[in-house]
Amino acid sequence: MQFRPIAIALGTALTVLGGAIEPSVAAILVRGGVTQIIGPGLGAVEFTPESGDPSQPGVDPVRDIGNNDFSGPDENQNQVGLELVRFDAVAPIDIEFVAFNVWEGGTEYLFKETVLNNTGLNWGKFSIQLGFGTGRNFIQSGLRDRLDFDTFNALGQVFPFGLELAGLPLEKTPTPTSTAFAQLDHQANILQWQNGKVRQGQSVDFTFSLDLPNLSALNQKEIPQANWLLDDQGQIVGYKFTLRQSPHAVPEPSAVLGLIGIGLLSVGRIRKQKH
Ligand SMILES: [Ca+2]
Ligand SMILES: [Ca+2]
Ligand SMILES: [Ca+2]
């Protein structure tokens, strides 16, 4: 299993938190806030350089506070750009982010990414999963931890008192998109794309949103303690979460027929040798 850590200085991140971020926003991702990229499928991962500063990969500072109901594809300015996620094997890639507590609530982020198939096989499905930990320690995010693919007010999620009465916010907006797959099973903690194909050497673009809660008494039991971030005094300042991405190869009908053909040919040869 390949392991390629991306350097992150928590001290620096916290300085950003204390200096540039207003205290009224919810949990946030910070610039450079990626702890590791790992997984047997890993080829390469590049982030979109928002600031033009290549020493600060990752995430732009939060621009819109709160778990807003963004309906348009580009309304949400809280964006994470994954310029290139290259798979060299049909196996998962885990990207682990750090989120810092600022306010009770959630901040909605829009992820935009380009995924390149360098696996030598064609894909028929692709899944994006939210969870905690990486590799063998990965566990999928649950229904009550408030971390989800923009389903804050649906699918049995917990939401602040009164919001359900007001019917706000409407979630699953904007609808996630893919340039290769026509069908999406949109669940709270996993997006499963199918009905399409990404051939070897081709790329596919995805957009999707997630709601980022802070870590508080409301969801502490749901987020594994190993993923909490503590300050020098032992106070919770945030947590780590993981975006796991997994392609799924499908055998070509022609490849299957080809294999059967080779099999028949072999049988024929064996029979011929016997005679
Ligand atoms: Ca969740
Ligand atoms: Ca949301
Ligand atoms: Ca939304």
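**Exercise 1. Confidence in the model**

In this predicted model the mean pLDDT of the protein is 75, and 62% of its residues reach 70 or more. Find where confidence is lowest and where it is highest, and name stretches with pLDDT under 50.

*Solution.* Begin with the two extremes: the lowest confidence belongs to helix H1 (residues 10-19), with a mean of 28, whereas the highest belongs to strand S7 (residues 123-132), at 98. Next, look along the chain, where residues 1-26 have a pLDDT below 50, although the model gives this stretch 50 contacts beyond near neighbours in sequence. A further stretch, residues 51-58, also stays under 50, and here the model has 13 contacts beyond four places in sequence. Finally, keep in mind that where pLDDT is low, the predicted coordinates should not be read in detail.

**Exercise 2. The overall picture**

State how many helices and strands the protein has, what share of its residues count as buried, and what share of its contacts join residues at least 24 apart.

*Solution.* Counting the elements gives three helices and 14 strands. Turning to burial, 36% of the 275 residues count as buried. For the contacts, take those between residues at least 6 apart in sequence; of these, 78% join residues at least 24 apart.

**Exercise 3. The nonpolar core and Ile37**

Describe the largest nonpolar core, and then explain why Ile37 counts as buried.

*Solution.* The largest nonpolar core has 42 residues, and those with the most contacts inside it are Ile37, Ile93, Ile95, Ala99 and Phe241. Strand S5 (residues 93-100) supplies the largest share of this core, namely six residues. Now take Ile37, which lies in strand S2 (residues 28-38). Ile37 is buried because 20 other C-beta atoms lie within 10 Å, and the cut-off for a buried residue is 20 or more. Ile37 and Leu243 are 206 residues apart along the chain, yet their C-alpha atoms are separated by 9.7 Å. As a last step, consider Ile93: leaving aside neighbours within four places in sequence, the contacts of Ile93 include Ile37, Val45, Val85, Phe87 and Gln245.

**Exercise 4. Two residues with positive phi**

Asp150 and Asn195 are to be compared: which of the two is buried and which is exposed?

*Solution.* First, recall that most residues other than glycine have a negative phi, and most peptide bonds are trans. Asp150, however, has a positive phi near 60°, and Asn195, which is not a glycine either, has a positive phi of about 60°. Second, locate them: Asp150 is in the loop between strand S8 (139-140) and H2, while Asn195 is found in strand S11 (residues 190-196). Third, apply the counts: Asp150 is buried because 28 other C-beta atoms lie within 10 Å, whereas Asn195 counts as exposed because it has 12 C-beta neighbours inside 10 Å, and the limit for an exposed residue is 12 or fewer.

To place Asn195 in its surroundings, follow strand S11 to its partner: strand S10 (residues 181-186) and S11 pair in the antiparallel sense over five bridges. A hairpin of three residues joins S10 to S11, and the bridge partner of Phe181 in S11 is Gly196.

**Exercise 5. A peptide bond**

Is the peptide bond from Thr173 to Pro174 cis or trans, and where does Pro174 lie?

*Solution.* Read omega first: with a value near -5°, the bond from Thr173 to Pro174 is cis. Then locate Pro174, which is in the loop between helix H2 (163-166) and strand S9 (177-178).

How values were computed:
Residues are numbered from 1 along each chain as its sequence is written. Chains are lettered from A and ligands numbered from 1 in the order in which they are written. This is a predicted model: local features need pLDDT of at least 70, side-chain atom pairs count only at pLDDT 80 or more; totals for chains, interfaces and linings use all residues. Helices (H or I, at least four residues) and strands (E, at least two) are DSSP runs, numbered from the N terminus. Two strands pair if DSSP finds at least two bridges between them. Two residues are in contact if their C-beta atoms, placed from the backbone, lie within 7 Å. A nonpolar core is a set of buried Ala, Val, Leu, Ile, Met, Phe, Trp, Tyr and Cys residues joined through C-beta atoms within 7 Å. pLDDT is the predictor's confidence in each residue, from 0 to 100.
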